[in-house]
Amino acid sequence: MTASATANTAGWRMKQPSIIPGFGLTLGFSLTYLSLIILIPVAGLLWRSAELGWSGFFAILTDERTLRALYVSFGTAFLAALVNVVFGTILAWVLTRYRFPGRRLIDAMVDLPFALPTAVAGIAFAALYAPNGWVGSLFMPFRIAFTPLGIVIALIFIGLPFVVRTVQPLMEEIDREVEEAAATLGANRFQTIFKVLLPGLTPAVLTGFALAFARGVGEYGSVIFIAGNIPYVSEIAPLLIVIRLEEFNYAGATAIATIMLLISFAMLLVINLIQAWSRRRYGNV
Amino acid sequence: MSDNRRTFRSPADEGFFTKLALVALSLVFLAFFLFMPLVSVFVHAFADGWDAYYEALIEPDAWAAIQLTLTVAVIAVPLNLVFGLCAAWAIAKFEFKGKAFLITLIDLPFSISPVISGLVYVLLFGTGSLLGPWLKSHGVEILFAVPGIVLATIFVTFPFVARELIPLMQDQGTGDEEAALSLGASGWQTFWYVTLPNVKWGLLYGVLLCNARAMGEFGAVSVVSGRIRGLTNTMPLHVEILYNEYNMVAAFAVASLLALLALVTLALKTLLELRFGAGAAGGRH
């Protein structure tokens with residue numbers, strides 16, 4: 001990024017001289033607002049968590065119900081992100097390469113999970129995949145809703161646009177000549193796709209996976225209706241935070257929230273590392 | 001067209017049946033995960049006909065929820081709009097240290113679970129905190145009241161406008177502003193007549209997404225609201241209450257309004273992207 005390069009040459013000065021006014025005002029307001037709304041409340045959470053001490057923190061974390069809830073959250077989010085990697089990549093390919101009636105509409109609708117309120121998605125999925133629902137009844141006696149599989153279904157919906165929208169712009173930029181070159185060199189279509197095209201898309205696919213996974217771990221509204229919320233089986237970590245709060249067990253809620261927060265910071269770091277790695281290796285993402 | 005031409009296939013392309021299979025696979029996937037849930041919202045909402053639908057919406061508690069949702073959005077969206085403009089101005093028009101870190105901090109709410117976004121305010125203003133009891137003794141209610149709902153909504157919608165504007169204004173550089181200033185325009189005139197027209201579509205795009213999330217937020221709001229019917233119930237929370245009471249028609253009727261909001265948001269967003277290009281309307285989610 002050029003910004004950091006110029007910042008370095010500026011030495012110890014806070015900013016480079018500019019004739020444009022309003023730096024102090026806009027940065028001052030931004031930092032104040034950011035601190036009041038985000039930083040101080042989040043710091044408060046970490047502070048309250050630190051007050052628990054290591055032993056208190058550890059006791060809550062290693063509680064069987066907490067561990068199961070974290071396992072359910074991370075496990076289902078992982079599976080859903082995996083499904084999204086496969087279908088999201090196929091969908092991105094179909095949308096960039098093929099022309100068929102309704103393509104525009106479908107392209108626009110991929111963003112529905114971003115726009116649809118999670119509670120609406122939640123009740124719709126619960127009704128649809130319930131044993132008496134349109135889809136759920138097809139699969140009886142096998143149950144989808146009110147099991148961990150139901151959680152995966154809801155998280156597939158939530159995570160889909162993250163994969164499609166990260167992979168799609170890169171697919172649009174693929175140079176057709178590369179594929180033609182591969183073909184003239186004797187590669188069949190399968191080889192061209194899996195040995196020439198997909199390796200270049202790996203960073204985008206990984207980023208999409210990480211974004212969908214991170215979002216899925218913290219998701220609440222779309223999951224709680226379809227999950228059944230059986231402790232130790234289909235109870236997600238965010239729901240356990242809410243349950244602890246309703247019991248006025250602030251320590252319990254704080255500890256679970258802190259560990260989730262730390263993991264999402266780690267995820268953020270991983271996403272940034274993937275992007276830095278791919279910039280070095282493949283140019284811009 | 002001769003037979004010969006019709007059977008010709010570019011080596012950098014898949015066969016007709018492969019294409020057909022991939023398109024069909026995508027459509028089936030989307031049917032189960034996108035279209036059927038969306039359609040089911042409206043089918044359930046109108047299950048008992050127009051009159052039942054209409055009655056579910058004009059019922060006093062539902063009407064109060066609609067009003068509260070609108071009120072919260074009317075407060076939260078403009079505040080985040082002003083913040084977005086300030087942050088983008090400071091970040092895009094000036095070079096200073098720690099810029100990349102500041103952008104990461106602005107994006108932070110996207111990687112925090114909505115439940116945790118609500119929890120941080122419960123810890124800040126709840127009974128065990130320093131601020132809560134003091135504010136209460138001075139007659140200010142934050143938690144389980146409208147201010148708490150507004151704060152939680154601002155938290156989750158915090159990055160939307162800023163992250164659309166920052167890359168857009170960075171791309172546009174500072175040339176236009178410098179020209180205006182050197183021709184004698186004041187800082188305010190430069191912003192109002194030069195910068196704002198340059199970014200208006202990106203701004204609209206950010207506001208659109210910000211508003212959709214503000215009206216649809218569930219997890220964060222449910223933690224701080226206390227769910228007092230007619231007082232601190234937003235539309236998504238009202239949907240949850242009705243659903244848990246097995247009042248399906250009413251739950252889906254309110255949900256259908258939110259789904260409609262999502263569809264309108266998507267339509268406007270697509271329109272902006274088509275008319276002004278994905279670049280003008282931000283590219284990243």
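Trainee: How do you know whether chain B is a compact globule or not?

Mentor: Remember that this is a predicted model. A compact globule of 285 residues would have a radius of gyration near 19 Å, whereas chain B has 24 Å. The globule rule takes 2.2 Å times the number of residues to the power 0.38. So the value of chain B does not match the one expected from that rule. Along the principal axes, its C-alpha atoms fill a box of roughly 85 × 65 × 30 Å.

Trainee: What makes a residue of chain B count as buried, and what percentage of the residues is that?

Mentor: A residue is buried if 20 or more other C-beta atoms lie within 10 Å of its own. In chain B, 46% of the 285 residues are buried.

Trainee: Which domains does chain B have, and what separates their centres?

Mentor: The domain assignment gives domain 1 (12-45) and domain 2 (48-280). Taken over C-alpha atoms, the centres of the two domains of chain B are 31 Å apart. Their contact takes five residues from domain 1 and eight residues from domain 2. On the domain 1 side, four are nonpolar, one is polar and none is charged.

Trainee: How do you know that chain B is in contact with chain A?

Mentor: Two residues are in contact if their C-beta atoms lie within 7 Å. By that test, 77 residues of chain B are in contact with 84 residues of chain A. Helix H2 (residues 16-45) of chain B gives the largest share of the chain B side, 16 residues. By class, that side has 53 nonpolar, 14 polar and 10 charged residues.

How values were computed
Residues are numbered from 1 along each chain as its sequence is written. Chains are lettered from A and ligands numbered from 1 in the order in which they are written. This is a predicted model: local features need pLDDT of at least 70, side-chain atom pairs count only at pLDDT 80 or more; totals for chains, interfaces and linings use all residues. Helices (H or I, at least four residues) and strands (E, at least two) are DSSP runs, numbered from the N terminus. Ala, Val, Leu, Ile, Met, Phe, Trp, Tyr, Cys and Pro count as nonpolar, Asp, Glu, Lys and Arg as charged, and the others, Gly among them, as polar. A residue is buried if 20 or more other C-beta atoms lie within 10 Å of its own, exposed if 12 or fewer, and partly exposed in between; C-beta atoms are placed from the backbone. Domain bounds come from an automatic or database domain assignment.
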